[in-house]
Amino acid sequence: MIGEWLNRWLPTPASTHAAQFDGVLATAHTEAAIVFLSWLAIFAMILVRFRARAGVAPSSPAGRHWPLMAIAAIVLGDVWLLAGSALPAWRERAVPPPAAAAEVRVIGEQYAWNFHYPGFDGRFGRTAPSLITAADPIGIDRTDPAAADDFVLIGMLVVPVDRPTVAHLSSKDVIHSFTLATMRVKQDVTPGLPVSAWFTPITTGAWEVGCSQLCGLGHYRMRATFEVRTEAEWRAFVADEIAYATSP
């Protein structure tokens with residue numbers, strides 16, 4: 001019931017692991033609701049049973065087993081949440097991505113998301129700060145053979161559907177938080193600490209890349225377009241961008 005209620009408020013799940021993550025959230029809310037309603041019922045019972053009355057000596061529930069029972073119930077609820085929902089979800093995500101995944105480097109800066117695509121060879125070329133320009137905010141070294149088909153886009157992430165995508169995350173300046181709400185992906189991006197996140201889209205569409213970390217006065221502008229396309233459409237997109245990036 002709580003799961004159905006949450007689905008009305010959450011973005012549409014669009015990755016293979018999204019439904020499982022939503023299940024963890026529903027379980028946590030269910031446990032919290034049970035604890036809240038139980039304590040509310042106990043509190044109401046105590047107010048009525050031990051209220052001040054004329055001719056009745058004051059008494060209290062001291063010495064009874066209610067506190068121990070309440071603590072035990074909360075511990076059991078936490079075990080249910082962790083063992084039955086949270087840990088299985090974590091275990092399935094704490095593994096390397098499947099083979100043949102699409103890869104992209106995501107470089108955050110105040111206040112934009114930069115996306116470095118490796119082209120069809122799947123190899124990222126070298127980058128250098130001295131090569132950074134307005135059109136290339138990460139400085140791809142075109143003398144590197146691996147960079148022959150690389151290209152960079154500012155504010156546009158495009159990935160294929162039904163295929164794992166690995167996002168290699170880094171930051172130029174401050175802590176950002178890479179967020180794809182429909183994919184149920186959220187990962188802090190810390191300067192000097194490269195990390196990766198992977199997901200498998202299951203539906204095509206267009207959404208938004210967000211930053212969930214207050215990264216400065218222009219934080220509200222830290223957005224990008226996120227598109228999931230069919231394999232054929234994605235390959236055509238990559239081919240067009242390679243042709244544009246390598247044209248004289």
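Buried means under 20% relative accessible area. Exposed means over 50%, and partly exposed lies in between. The legends below use these words throughout. The model shown is predicted.

**View 1. Two cysteines, C211 and C215, without a bond between them.**
A disulfide is a covalent bond between the sulfur atoms of two cysteines. How many disulfides does the structure hold? It holds zero. Look at C211 to see why its sulfur is unpaired: the closest cysteine sulfur, in C215, is 4.0 Å away, too far for a bond. The cut-off for a disulfide is a pair of sulfur atoms within 2.5 Å. Seen from C215, the closest cysteine sulfur is the one in C211, again at 4.0 Å and too far for a bond. Are these residues buried or exposed? C211 has a relative accessible area of 11%, so it is buried. C215 is buried as well, because its relative accessible area is 4%.

**View 2. The cis peptide bond from Q110 to Y111.**
Find the bond that runs from Q110 to Y111. It is cis, and its omega is near 5°. Where does Y111 sit? Y111 belongs to the loop between β1 (102–109) and β2 (112–117).

**View 3. D162, a loop residue with a positive phi.**
D162 is not a glycine, yet its phi is positive, at about 60°. Strands β4 (156–160) and β5 (165–171) flank the loop that holds D162. Is D162 buried or exposed? Its relative accessible area is 57%, so D162 is exposed.

**View 4. R184, a buried loop residue with a positive phi.**
R184 is a residue other than glycine, and its phi is positive, near 60°. The loop that holds R184 lies between β6 (176–180) and β7 (185–189). Compare its surroundings with those of D162. D162 is exposed, whereas R184 is buried, with a relative accessible area of 14%.

**View 5. The largest nonpolar core and another core apart from it.**
In soluble globular proteins, nonpolar side chains tend to be buried together. How many residues does the largest nonpolar core have? It has 33. W113, F115, L157 and F178 have the most contacts inside it. Which element gives this core its largest share? Helix α4 (residues 231–246) does, with four residues. Another core, of five residues, lies apart from this one. Among its members are I107, I140, A147 and V152.

**View 6. Helices α2 and α3 packed together.**
Helix α2 covers residues 18–49, and helix α3 covers residues 66–93. Their axes are 9 Å apart and meet at an angle of about 175°. Angles over 145 degrees count as roughly antiparallel, so α2 is roughly antiparallel to α3. What kinds of residues make up this contact? There are 15 nonpolar, six polar and four charged residues.

**View 7. L76 on helix α3.**
L76 is part of helix α3. With a relative accessible area of 59%, L76 is exposed. Now look for E31. L76 and E31 are 45 residues apart in sequence, and their C-alpha atoms are 10.0 Å apart in space.

**View 8. T165 and its contacts.**
T165 is a residue of strand β5. Is T165 buried or exposed? Its relative accessibility is 1%, so T165 counts as buried. Which residues does T165 touch, leaving out those up to four places away in sequence? They are A102, V104, V159, P160, A197, W198 and F199.

**View 9. G210 and its contacts.**
G210 lies in strand β9, which covers residues 205–211. G210 is buried, because its relative accessible area is 17%. Leaving out residues up to four places away in sequence, G210 touches W113, S177, F178, T179 and M222. Trace the chain to A112, 98 residues from G210. In space, the C-alpha atoms of this pair are separated by 9.9 Å.

**View 10. T246 in helix α4.**
T246 lies in helix α4. With a relative accessible area of 40%, T246 is partly exposed. Residue A32 is 214 residues from T246 in sequence. In space, C-alpha to C-alpha, T246 and A32 are 55 Å apart.

Terms used:
Residues are numbered from 1 along each chain as its sequence is written. This is a predicted model: local features need pLDDT of at least 70, side-chain atom pairs count only at pLDDT 80 or more; totals for chains, interfaces and linings use all residues. Side-chain values use heavy atoms; hydrogens and water are left out. Buried means under 20% relative accessible area, exposed over 50%, partly exposed in between (1.4 Å probe, protein chains only). Helices (H or I, at least four residues) and strands (E, at least two) are DSSP runs, numbered from the N terminus. A nonpolar core is a set of buried Ala, Val, Leu, Ile, Met, Phe, Trp, Tyr and Cys residues joined through side-chain atoms within 4.5 Å. Axes are lines fitted to C-alpha atoms, for helices over the stretch in contact, and angles run from 0 to 180 degrees between N-to-C directions. Angles under 35 degrees count as roughly parallel, over 145 as roughly antiparallel, 65 to 115 as roughly perpendicular and the rest as oblique. Ala, Val, Leu, Ile, Met, Phe, Trp, Tyr, Cys and Pro count as nonpolar, Asp, Glu, Lys and Arg as charged, and the others, Gly among them, as polar. Contact means heavy atoms within 4.5 Å.
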